[in-house]
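Reader: Please walk me through this model, with the cut-offs stated as the terms come up.

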Amino acid sequence: MELRLHSDLFQQYFRLSRELFDELLARVGPRIAKMDTPFRKAIGPAQRLAICLRYLATGNSFATIAFSYRVGHCTVGRVVREVAAVIWDVLLPDYMPAPSTEDWRAIAEGFSQRWNFPNCVGSVDGKHVVIQAPDNSGSLYYNYKGTYSIVLLAVVDADYLFRIVDVGGYGRTSDGGSLYASAFGEGLRDGTLGLPEDEPHAPFPWPPGEQRVYNYRLSRARLVVECAFGILSSQWRLYRRLMGVSPTTAETCVKATCILHNYLRVMTLRRGQRTPESYHQSGDAGDCLQGCSRMAANNATREALRVRAHFASYFSEEGAVPWQVRP
């Protein structure tokens, strides 16, 4: 492969370095290898991984990628589905394990130290991944922006790592509905996520001016998940195109990109390397990665109002930072 002679071109083509490609191949190769038959020679694991990564990196049609690799477009579709599923299965235990109670505490410490927001165990948001209209689906996937989509719901830590993802919700569902129907939302309701015990705080009044400070600090912490989506769509450009695949294939590819996002960030930082600046384009999450709507009444509960008042007072007193009072 001539690309291997040029590290920069290899990085641009596959969105990861030669070293990380080889390490990923060593992990998934045994699971994606096929046996030769008396009639034809099987596509090797390196080429199968290359085909999948090229689709995730560009979002090009299967026919376009088939011309590049001189295989059938149906073969490309099958390879992408199979390899993406294996990438998720192989990397999940190491790069997106279910958080334990100690993990939640570490996440909260990260938000407190890096983003000045205490007792935050994750930044949560949902995005619409735009797909072509599925056959005989009616309005299930039709969202409020007039496109067809599946929902990516994510919980992100202070270092832009996806800690929990839920993929495949119907596009017609609001962000609150997606959260309620997800396994994460169910775990929140029944208390099975292993979250740390509540830390008691005395009630405080809400003097004038505290609401603006609270809104700023909350928005700053919430921006973390928006930045993570921006990094994801900047690196894997299939989010910048309409995905002309079935919802099941789209779900498999989205999960593969999320786990690859964690894999690349962890491995890059572990080796003391700097994450490429092009991955930090948080201002644009891609035309085909759209925010979820809020279609309910948006009325906060009394408990939520009480918690908000506690944070507002904390941010204006002992938890204040110098730049929050700038006009």
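Reader: Which residue follows α4, and what is the sign of its phi?

Author: This is a predicted model in which local features need pLDDT of at least 70, side-chain atom pairs count only at pLDDT 80 or more, and totals for chains, interfaces and linings use all residues. Residues are numbered from 1 along each chain as its sequence is written, and side-chain values use heavy atoms, with hydrogens and water left out. Helices are DSSP runs (H or I, at least four residues), numbered from the N terminus. The residue after α4 has a phi near 55°, which is positive, and is Arg70.

Reader: Which residues of helix α4 are buried, and on what arc do they lie?

Author: Buried means under 20% relative accessible area (1.4 Å probe, protein chains only). In α4, residues 62-69, this holds for Phe62, Ile65, Ala66 and Tyr69. Taking the directions from the helix axis to the C-beta atoms, these residues fall on the same side of α4, because they cover an arc of only 105°.

Reader: How far apart in sequence are the parts that Asp94 and Arg27 tie together?

Author: A salt bridge puts a side-chain nitrogen of Lys or Arg within 4 Å of a carboxyl oxygen of Asp or Glu, and Asp94 and Arg27 form one with their closest N and O atoms 3.3 Å apart. Since Asp94 belongs to helix α5 and Arg27 to helix α2 (residues 18-32), the parts tied together are separated in sequence by 67 residues.

Reader: Which helices do Arg31 and Asp89 lie in?

Author: The side chains of Arg31 and Asp89 also meet in a salt bridge, at 3.7 Å from N to O. The pair ties together parts 58 residues apart in sequence, because Arg31 lies in helix α2 and Asp89 in helix α5.

Terms used
Buried means under 20% relative accessible area, exposed over 50%, partly exposed in between (1.4 Å probe, protein chains only). Helices (H or I, at least four residues) and strands (E, at least two) are DSSP runs, numbered from the N terminus.
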